[in-house]
Structures are given as structure tokens and as C-alpha cells.
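Me: I should like to learn how to read the packing and the pockets of a protein model. Please take me through one example.

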Amino acid sequence: QAVACAGPGTTVVDLGSGTGSTARTFGDTGCTWRFVDGDKALLDIAQQRHPGAEQVVFDLRHIDELPLDGVRLVTASALLDLMPREWVTALARRLQAAGIPFYGALNYNGVMRWSPEHIADAGVTEAFNAHQLTDKGIGPALGPTSADVTADIFAKHGFDVHLGDSPWELNGSAAQLHDELLVGIGNAAAEAGCALAQAWVTDRRATVSDTVGYIGHTDIFAVPHGMGE
């Protein structure tokens, strides 16, 4: 549904775009991407990978000032779980006024599990989820609640909201990515007070090629009431 909004001749704004991963996921839709990020170095990489895209260096804290002239869709990937409720509310209000749909992908939903199991899995997950709720520089983050809270906020601002699961399922073929992810999870869990976190990382990394990991994410697609009818 979101891809259908990004047809030929349209402009899509990607918030916190980084190097343009959302655009690569969408594929060749014929739209013009407007990458919006506060990190110019990442936007420079995006420019190399997507020469036809627009680049906007922008402080996402000022979402009320987001340039939306001629925009057909606003997207974000792995962003909402870092943001506070007030920011999402401001985004919903801004998009409601402009009559623009929103697609937010890869919002961590608090579910992690591994096979084979480890005695510390539950404790690490609990601590990691607590860490996800801390302030990332803009206010207390929504963390694992981001998709549900965002869905509620957009619904209250006049959007029809659709949710869908988009988990990462990491097996031996993704061992390098899984290994890097384990380190990040363990570090966050340790910062949140999990005493077993570093031992868990060591054990998990030693068997990462033989481990299957499931990291839960939820996508959200919100469309203004009546749009497309």
C-alpha cells in the first residue's frame, strides 16, 4: 500500500534517512526521494547511492518545520522507537494538516528470542527493553511501545491505521549481522543493569553460526480518512 503512494512523478520524504535504506527497500517506483537527516556525512553516502534524490540536512527535533511542499508520502525506518510521544504527536498533527500518509517500518516491538535458548535470554531482553525507553537526546523514547502508541496517536488525528509484523529472523547465513546485533543488545542490557549481559554476549557470539535469532518489529501505515476512496 505504501509503495502504491510512491508512484512515478511523486515526491517521498524519508525521515532519518541515513544512507537511503528505505528507498532501496521500495525499489524502482519512479518517485523522487527527499532524504531528510541531521547527519550530512550519511546524506553524502545517500547521494552517491541515489544520485537522483534530494538531500536535506534537517534537525528532526523541529518536525513542525518539515518541508512538505508537493510531498505524496512520508516514510521512516527504525526511527519511531527512538522518539518520544510528543514528537510522534507533532508529526501526526503536521501530516494531518497536509493530508499526507505515513509509513513507518522496522519499529522494535519488544519481542526477542533465540534457538537454542540461553538462561539469560529473558533477563537480557527485559533490560534491553528498559534501555530502549530512555532518552535518546530528544525525550523519553517510545521504545518497544512505539508502533502501538504511534497507531493510537495517528488514529486520534484522523488516520486509518494498518499494522503488520516485519521481524528479523537471523540464521547462520546472517551470522555477521547477528554477531554485531548481539554486541549492541548486550551493551544496552548491561547499561540497564543486567549483570549477566556480557556473559550472555560471550556465549551467544561463540555459537552465533548455529543460532537462530528472532527480533520483532512492527510496520505502520497511516492514511488520512477518506484518502483514496
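Reply: The dialogue below treats overall form, one helix pair, two pockets and two backbone details. This is a predicted model, in which local features need pLDDT of at least 70 and side-chain atom pairs count only at pLDDT 80 or more, while totals for chains, interfaces and linings use all residues. Residues are numbered from 1 along each chain as its sequence is written, and side-chain values use heavy atoms, with hydrogens and water left out.

Me: How many helices and strands are there in the protein?
Reply: Helices (H or I, at least four residues) and strands (E, at least two) are DSSP runs, numbered from the N terminus. The protein has eight helices and eight strands. Its radius of gyration is 18 Å, close to the 17 Å that the globule rule gives for 229 residues, so the protein is as compact as a globular protein of that length. The radius is taken over C-alpha atoms, and the rule is 2.2 Å times the number of residues to the power 0.38.

Me: At what angle do α4 and α6 pack?
Reply: Axes are lines fitted to C-alpha atoms, for helices over the stretch in contact, and angles run from 0 to 180 degrees between N-to-C directions. Helix α4 (residues 85-98) packs on helix α6 (residues 146-156) at about 35°, with the axes 9 Å apart. In contact (heavy atoms within 4.5 Å), residues of α4 including Val88, Leu91 and Leu95 meet Val149, Thr150, Ile153 and Phe154 in α6.

Me: Which residues lie nearest the centre of the largest pocket?
Reply: Rolling a probe the size of a water molecule over the atoms shows where empty space is left. On a 1 Å grid over the protein atoms alone, where a 1.4 Å probe fits, a pocket is an open set with protein on both sides within 12 Å along at least five of seven lines; lining residues have an atom within 4 Å of a point. Nearest the centre of the largest pocket lie Phe128, Gln132, Trp168, Leu181 and His217, among 18 lining residues. Helix α7 gives the largest share of that lining, five residues.

Me: Which residues lie nearest the centre of the second largest pocket?
Reply: They are Leu60, Leu79, Leu82, Met83 and Lys136, from a lining of 15 residues.

Me: Where are the cis peptide bond at Pro116 and the positive phi of Ala78 found?
Reply: The bond from Ser115 to Pro116 has omega near 0°, and Pro116 is in the loop between β5 and α5. Ala78, with phi near 55°, is in the loop between β4 (71-77) and α4.
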